[in-house]
Every structure is written in C-alpha cells, then in structure tokens.
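Student: I should like to learn how the features of a protein model are read. May we take one example and work through it together?

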Amino acid sequence: MTEQLTAPGVAAPAGFPHCSRCAYLASGPVSVCAACARALISATASASCPACAQRLRQDGRCPNELCRSPARRIGRIRALGYQEGALRRAIISHKYRGARSMSMVLGRLLLAFLDGNVAADPPDLIVANPGFAGPDGQRFGHAEAVLAAAAQADTAGRWPFDIGSPPAIVKVLPTLKSAETPAWSKRSIRYELRDALRIPEPDRTRGKYVLVYDDICTTGTQLDVVAGCLLDEGGAARVEAVVLARAPWRG
C-alpha cells in the first residue's frame, strides 16, 4: 500500500485526521484512507473482549458488566480502534466543532472496516444509532451523517445502508446526554432512551440481521437498548454493532 501511495504521479494522502484538503476525500478507493489512518489509530487488540472489543483486565476478564449480563440484547460489538489520539480528535471535531467534512472521512473509514472485517458475515441492514436533532438534542444527526457518507462512498452498492426516510429506527424525543459521563449514569438512562425509540415500518427489520453503527461505545448501554427495540418492536432476528471507537473503561 505504501508503494502505491508514493508511486510517481500519485498524490500522497494529506494525513489523518487532516483530511479536508486531501485529494482522496471525495473519491478513490477507501483502502487508501484506511491505510493512511492505520498508523495513527490504536486498533483494538486481538486480546480484547470478543463480545465488546474492550481492553481486558490483567486477569483476562472484561470490565464491562454488559458482557456478563444475562439480559444483554446486543450481540457482538466490533470497533475500528480505541478512543484516543487522532481518532478521538476526529470524532470530537465532527460531533462538537462543526467539522462536517469529517462525515465523509469517517464514512470512508467505516466502509473500509466493513469491507475488511464484516464481509464474511454481511448484515441485511445497517442502521445508525438514532439521534434526536432539535431543541435539547443534537446539533445534527452525526451517526446518520457518517452512515450517509459511507453509502455515498460505497459506489458498488455492496452494503445495505439505511439511508431512507424515515429511517428504520428513530428517536422521537431528546434524552439526557451520556457523552463523557460515568458508566452508572449511562446505565441509568436506558429506560428513558427506550421510551424515545420507535420502529416506523417493522416490515423492514422483521427477521433481519441488523448492524447498528455508532461513533463511540463506552458501556454499550445505548446499543443494547437500541438492539432491544429492534428485536422486540422491529422483529429483528439478530442485532450486532460496529463503532469507530471503543472508549477506555472508566467504571
């Protein structure tokens, strides 16, 4: 890959996450973006939790109690990397600092990850962890924006991204924000979140293997609630998740 990027007449990537000026931002194979970012992203280790991609404790156990819960609804949670360094900065710029061009960057990274890690067991539908954009909610649907960007980059149409209107799962009310909050706080809002979720057209998810995309996973509580809604109200047969970043455990 390095030889390809530095061959005569081929422009070198701008370097992740300084992608707004990169020639590959809007076109070219997503493998170029993945290779560029790889050196600056702490990929989840092979020794991480097979259920949620969290770093294991020294005793080899996962610190995430969701993985041990008999009430768990979400299946495997895959992660592109850990929430640190360049990946953390890119996600924060996108969500909170108005860097909307990062939607395409993150979407291309998501697409490359799917191509390399999920192709052997493809889902029937890929949905965004729904956000509520409006008063007391998000500035914009950041997970939805990345999913739409991934769909745009998927010129071959290989992946069943949910970019229709209405989405397969929607959030109709704002809920307490869980970003940068401790684990106990994230768990405490699960019932509020479940009350805010709706499945507009259950026929779209019934009997399907649904993959839920989100930018960051800390405890997996939100993903677990979304999975429960898709399973119970949407009739999905199986729900797993893929995230850009696995946040370090903070208890």
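The dialogue below treats the overall fold, the sheet, a helix pair and some backbone details.

Student: What should be known about the model beforehand?

Tutor: This is a predicted model, in which local features need pLDDT of at least 70 and side-chain atom pairs count only at pLDDT 80 or more, while totals for chains, interfaces and linings use all residues. Residues are numbered from 1 along each chain as its sequence is written, and side-chain values use heavy atoms, with hydrogens and water left out.

Student: How many helices and strands does the chain have?

Tutor: Helices (H or I, at least four residues) and strands (E, at least two) are DSSP runs, numbered from the N terminus. Here there are eight helices and six strands, and their order from the N terminus is α-α-β-α-α-β-α-β-α-α-β-β-α-β.

Student: Which share of the residues counts as buried?

Tutor: Buried means under 20% relative accessible area, exposed over 50%, and partly exposed in between, with a 1.4 Å probe and protein chains only. Of the 251 residues of the chain, 50% are buried. Strand β1 (residues 77-82) is mostly covered, with six of its six residues buried.

Student: In what order do the strands of the open sheet lie?

Tutor: Two strands pair if DSSP finds at least two bridges between them. The open sheet has four strands in the order β1-β6-β5-β2, with parallel pairing. Its edge strands are β1 and β2 (125-128), each of which pairs on one side only. From one strand to the next, the twist averages 20°; angles run from 0 to 180 degrees between N-to-C directions, and axes are lines fitted to C-alpha atoms, for helices over the stretch in contact.

Student: Which bridges hold the two edge strands to their neighbours?

Tutor: Strand β1 is joined to β6 (residues 238-246) by five bridges, and A79 has V243 of β6 as its bridge partner. Four bridges link β2 with β5, where V127 is partnered by V212. In addition, helix α3 (residues 85-96) packs on the sheet and touches β1, β5 and β6, its direction making about 105° with that of β6. Contact means heavy atoms within 4.5 Å.

Student: At what angle do α4 and α5 pack?

Tutor: Helices α4 (residues 102-117) and α5 (residues 142-153) pack at about 65°, and their axes are 7 Å apart. The contact includes M104, L106 and L110 of α4 together with V146, L147 and A150 of α5.

Student: What is the usual sign of phi, and what is the usual form of a peptide bond?

Tutor: Most residues other than glycine have a negative phi, and most peptide bonds are trans. In this model, A53 has a phi near 70°, a positive value in a residue other than glycine. A53 is placed in the loop between α2 and β1, and it counts as buried because its relative accessibility is 7%.

Student: Where are cis peptide bonds found?

Tutor: One joins F16 and P17, with omega about 5°; P17 lies in the loop between α1 (2-5) and α2 (30-38). Another runs from S165 to P166, with omega near 0°, and P166 belongs to the loop between α5 and β3 (170-171).

Student: Is T219 buried or exposed?

Tutor: T219 counts as buried because its relative accessibility is 4%. T219 sits in the loop between β5 (209-217) and α8 (221-232).
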